[in-house]
Amino acid sequence: MERSGASGRCPVQEQRARWERKRACTARELLETERRYQEQLGLVATYFVGILRATGTLRPAERQALFGPWELIYGASQELLPYLEGGHWGQGLESFCPHLELYTQFAANAEVSRTTLQEQLKKNKRFRRFVRLQEGRPEFGSLHLQDLLPLPLQRLQQYENLVMALAENTGPNSSDHQQLTRAARLISETAQRVHSIGQKQKNDQHLRRVQGLLSGRQAKGLTSGRWFLRQGWLLVVPPHGEPRPRMFFLFSDVLLMAKPRPPLHLLQSGTFACRALYPMAQCQLHRVFGHSGGPCGGLLSLSFPHEKLLLMCTDQEELLRWHHSLTLAISQKN
């Protein structure tokens with residue numbers, strides 16, 4: 001009889017039961033985390049945005065630069081939460097999707113927000129005192145404003161994971177399957193756009209930093225429009241004589257070799273002078289030594305139409321990282 005009962009279980013029913021368990025678990029996590037998210041959004045909206053508007057501690061343009069569409073994002077969460085609490089997942093998330101553009105706007109403003117916060121904390125004594133006072137409220141626990149500002153972008157990643165899981169574990173015959181599938185797709189597309197915006201902002205930071213390290217007329221505009229990959233010291237091995245240390249900056253399309261300015265240089269101490277710019281589209285790369293994986297480093301041979309460059313690195317791990325980055329740059333241009 002036991003064997004008959006075991007063999008009588010329906011695989012379709014078992015699959016539906018698994019879907020339902022996973023769906024219930026995901027739905028519960030989405031609801032609980034949305035409540036916490038909305039609470040934290042509300043803290044910033046009430047104790048920072050609202051009071052700053054009322055007191056005039058920051059000018060409107062500065063306040064907008066710092067918080068972007070924060071209050072609109074808070075409002076979108078307030079609209080979504082009642083749907084989730086009522087179990088109307090598909091309807092709620094579908095009505096939430098038109099607000100996703102707010103997250104793209106927020107991401108585009110993220111670098112301006114960070115810069116504004118740093119500048120205002122540094123130069124605005126009244127604002128600095130206000131921030132310390134608000135962060136000391138018991139509602140914030142140990143959280144600081146700079147910890148809370150990235151919250152919407154972190155939540156977008158959670159939305160992508162949770163809504164995707166919710167859609168995947170909702171049966172195709174369910175009344176909200178299509179709504180959840182559409183919402184998961186739209187949220188995923190928004191998350192990809194936000195990721196691209198973040199990557200570009202990081203690259204722009206690197207480019208500004210590298211441009212600040214380069215000096216001289218040849219250095220002007222060298223980093224404009226490029227993607228930064230890595231930098232570091234390598235030894236240039238000449239046909240005759242001793243290897244010479246040089247700083248190399250690798251971008252997606254070129255390898256820049258630079259020489260440090262003399263420490264006692266009156267105006268440009270601590271910067272680098274550009275010595276050569278090598279196009280990666282014309283590069284052929286070979287690892288001469290360093291195949292064994294030992295700690296002794298090795299050599300990289302870079303061949304260009306009119307020049308051959310032999311670079312030495314005494315650190316095997318660093319050599320492998322350079323080899324990987326150079327290979328990546330060459331593959332992008334071919």
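How much space lies in the largest pocket? In this predicted model, the largest pocket holds about 350 Å³ of space. Its lining comprises 18 residues, of which Leu153, Val194, His195, Gly198 and Gln199 are the closest to the pocket centre. Two or more lining residues are given by each of helix 7 (110–123), helix 10 and helix 11. The largest contribution is that of helix 11, with 10 residues. By residue class, the lining of the largest pocket divides into seven nonpolar, eight polar and three charged residues.

Charged pairs were examined next. Side chains of opposite charge can pair when their charged atoms come close. Over the whole structure, the search yields 14 salt bridges. One of these joins Arg23 to Asp176, with a separation of 3.2 Å between the closest N and O atoms. Arg23 belongs to helix 2, whereas Asp176 is in the loop between helix 10 (151–168) and helix 11 (177–213), so the salt bridge ties together parts of the chain that are 153 residues apart in sequence. Both Arg23 and Asp176 are buried.

A further salt bridge is formed by Glu71 and Arg53, whose closest N and O atoms are 2.5 Å apart. This pair also links distant parts of the chain, with Glu71 in helix 4 (residues 70–85) and Arg53 in helix 2, 18 residues apart. Glu71 has a relative accessible area of 35% and is therefore partly exposed. Arg53 is likewise partly exposed, at a relative accessible area of 41%.

Within helix 11, the side chains of Glu189 and Arg185 meet in a salt bridge with an N to O distance of 3.4 Å. These two residues are four positions apart, which corresponds to about one turn of the helix. The relative accessible area of Glu189 is 31%, so this residue is partly exposed; Arg185, with a relative accessible area of 43%, is also partly exposed. Elsewhere, Glu111, Arg114 and Arg208 are joined into one network by salt bridges that share partners.

Two individual positions were also characterised. Thr57 is located in the loop between helix 2 (11–55) and helix 3 (60–67). Its relative accessibility is 10%, and Thr57 therefore counts as buried, the limit being under 20%. A polar contact of 2.8 Å connects the side chain of Thr57 with the side chain of Thr55. When neighbours within four places in sequence are left aside, the residues in contact with Thr57 are Leu52, Asn124, Arg126 and Phe127.

The second position, Gly232, is placed in strand 2 (residues 228–236). Gly232 has a relative accessibility of 12% and therefore counts as buried. Although 16 residues separate Gly232 from Phe248 in sequence, their C-alpha atoms are 5.6 Å apart in space. Phe248 is also among the residues that Gly232 touches, together with Arg246, Met247 and Trp322, when residues up to four places away in sequence are not counted.

Methods:
Residues numbered from 1 in each chain as written. Predicted model: local features only at pLDDT ≥ 70, side-chain atom pairs only at ≥ 80, totals over all residues. Heavy atoms only, no water. Buried < 20%, exposed > 50% of the residue type's maximum accessible area, 1.4 Å probe, protein only. Polar contact = N/O pair within 3.5 Å; in protein donor to acceptor, adjacent residues only side chain to side chain. Contact = heavy atoms within 4.5 Å. Salt bridge = Lys/Arg side-chain N within 4 Å of Asp/Glu carboxyl O. 1 Å grid on protein atoms, 1.4 Å probe; cavity = no way out; pocket = protein on both sides within 12 Å on 5 of 7 lines; lining within 4 Å. Points joined across faces, edges and corners; volume = space filled by probe spheres on them. Nonpolar A, V, L, I, M, F, W, Y, C, P; charged D, E, K, R; others polar.
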